[in-house]
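Good morning, colleagues. Please take a moment to look at the sequence and the structure as they come up on the screen.

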Amino acid sequence: MSSANFSFSDHSHRRFNPLTRSWVLCSPHRAKRPWLGQVEEAANDQQPEYDPQCYLCPGNKRAAGAKNDNYTSTYVFTNDYAAVCPDQPECSEAEIAQVAGSDASNELFRVESTCGQCKVMCFSPRHDLTLPELSIGEISQVVSTWQDIFRGFSTDPSIGYIQIFENKGAMMGCSNPHPHGQVWALSDVPSEPATEIASLKAFRQKHATSDPHACILCSYVRAEEANTTNESANRVLLQNHTFMVVVPFWAVWPFETMIVAKSHISHIGELNPLQTQHLAEAMQALTIRYDNIFQCSFPYSMGLHQAPTATHADASCCHLHLHFYPPLLRSATVRKFLVGFEIMAEPQRDLTAEQAAARLRSMDVVHYKHKLHPSS
């Protein structure tokens with residue numbers, strides 16, 4: 001090791017994620033290297049208010065033949081091409097043997113039949129407005145609809161987990177530009193949230209003697225609040241009475257963020273109307289900053305992590321938070337890839353979380369389109 005002083009802005013280091021119990025390699029010096037890799041085609045940000053060919057616009061016929069209602073707010077329907085179905089047979093040992101072999105070990109070849117339901121949710125009847133371009137009232141309606149869906153699925157004994165998410169932009173695999181998200185309700189808790197819940201439970205058990213309600217994210221919010229007075233450690237972008245928007249210390253994606261409840265709220269169904277508005281305000285403020293970074297419709301995958309259902313046995317340990325994973329790195333056409341070392345060993349990033357947070361904090365709070373077209 002060199003005798004020079006260590007610099008988080010220049011020297012490689014690893015950071016630990018206590019939610020997933022995984023590490024990320026940070027290599028800030030690599031941000032200086034020239035880029036001769038893949039450049040994406042710039043996305044078309046100009047969309048009509050209504051597209052007669054869009055499967056999600058009001059009154060239009062969808063690909064499978066069903067017709068959308070002439071909706072005027074949020075609109076929810078069952079996914080015509082759902083990843084899981086509400087009713088299907090169990091997979092017998094004889095049927096497993098068909099693909100695993102008759103003498104296969106159950107340790108090596110395990111199969112579980114999975115049931116569930118998948119919903120599509122249009123955020124607005126407008127084909128051309130993404131979340132950062134919606135009003136606080138319209139985003140509040142999005143959150144309220146999420147609440148209704150979560151509460152409804154929580155009463156279904158066949159549902160063990162509810163995942164609310166949005167893929168924004170073709171770069172993130174979104175198949176339709178009309179602003180929308182999805183809700184997948186499954187019989188079992190998937191791997192990623194199961195890992196987070198196990199970490200939350202373990203943290204509470206470890207600190208139970210001093211605090212029976214100990215929580216990783218409650219402690220993390222307090223720590224990041226304290227860090228706002230230190231510019232070199234400030235990862236908080238903005239906050240209101242209910243939510244904090246922060247670039248996690250352990251972020252993997254260049255401009256990854258997390259919206260986290262500042263008090264211990266287990267799931268979205270617990271939010272009162274004012275807290276619902278606070279979440280809408282945080283979502284709008286964050287996504288406006290995203291769009292302003294490269295003056296484009298900033299792609300991302302976003303998802304809520306919370307209690308699997310309102311009645312789940314581990315609900316009290318869970319803490320409501322939203323993950324935003326955007327791929328853009330240097331411009332609207334240069335993205336980060338998780339390849340090579342990152343899929344064979346562990347994730348790696350160039351931009352530090354502190355640098356990303358400073359960049360996002362510096363962004364204008366007014367959407368760039370409103371500056372280009374003030375009357376819109």
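Let me begin with a question: which residue caps the N-terminal end of helix 5? The cap is Asn-272, with a side-chain oxygen 3.0 Å from the backbone nitrogen of Leu-274. I should state at once that this is a predicted model.

Let us stay with helix 5, which covers residues 273-294. At 1.5 Å a residue, its 22 residues should span 32 Å, and the end C-alpha atoms are 33 Å apart, which agrees. Of these 22 residues, 18 are buried, so that the helix is mostly covered. After the helix comes Gln-295, which has a positive phi, near 50 degrees.

Helix 5 also leads us to the nonpolar interior. The largest nonpolar core has 52 residues, and those that touch the most other members are Trp-146, Ile-259, Leu-279, Met-283 and Tyr-290. Helix 5 supplies the largest share of this core, with 9 residues. Consider Ile-259 in particular: leaving aside residues up to four places away in sequence, its contacts include Leu-279, Ala-282, Met-283 and Leu-286, and also Phe-243, Met-244 and Val-245. A further core of 14 residues lies apart from the largest one, and Cys-218, Tyr-220, Val-246 and Val-260 are among its members.

I turn now to the sheet. In what order do its strands lie? The sheet is open and has 9 strands in the order 3-4-6-5-10-11-9-8-7, with antiparallel pairing. Strand 3 (75-78) and strand 7 (236-239) are at the edges; each has a single partner strand, so one side of each has no neighbour in the sheet. From one strand to the next, the twist averages 20 degrees.

At one of these edges, strand 7 pairs with strand 8 (residues 243-246) in the antiparallel sense over 3 bridges. Here Leu-238 has Val-245 of strand 8 as its bridge partner. Helix 3 (residues 191-206) packs on the sheet, where it touches strand 5, strand 10 and strand 11, and its direction makes about 50 degrees with that of strand 10.

Finally, is strand 5 largely enclosed or left open? It is largely enclosed by the rest of the structure, because 7 of its 8 residues are buried. Strand 5 pairs with strand 6 (residues 180-186) in the antiparallel sense over 5 bridges, and Ile-162 stands opposite Ala-185 of strand 6. Strand 5 is also joined to strand 10 by 4 bridges, again antiparallel, with Phe-165 opposite Gly-303.

Thank you for your attention.

Methods
Residues numbered from 1 in each chain as written. Predicted model: local features only at pLDDT ≥ 70, side-chain atom pairs only at ≥ 80, totals over all residues. Heavy atoms only, no water. Helix = DSSP H or I, 4+ residues; strand = E, 2+ residues; numbered from the N terminus. Expected span 1.5 Å × (residues − 1). Buried < 20%, exposed > 50% of the residue type's maximum accessible area, 1.4 Å probe, protein only. Polar contact = N/O pair within 3.5 Å; in protein donor to acceptor, adjacent residues only side chain to side chain. Pairing = 2+ DSSP bridges. Axes fitted to C-alpha atoms, helices over the stretch in contact; angles between N-to-C directions. Contact = heavy atoms within 4.5 Å. Core = buried A, V, L, I, M, F, W, Y, C linked by side-chain atoms within 4.5 Å.
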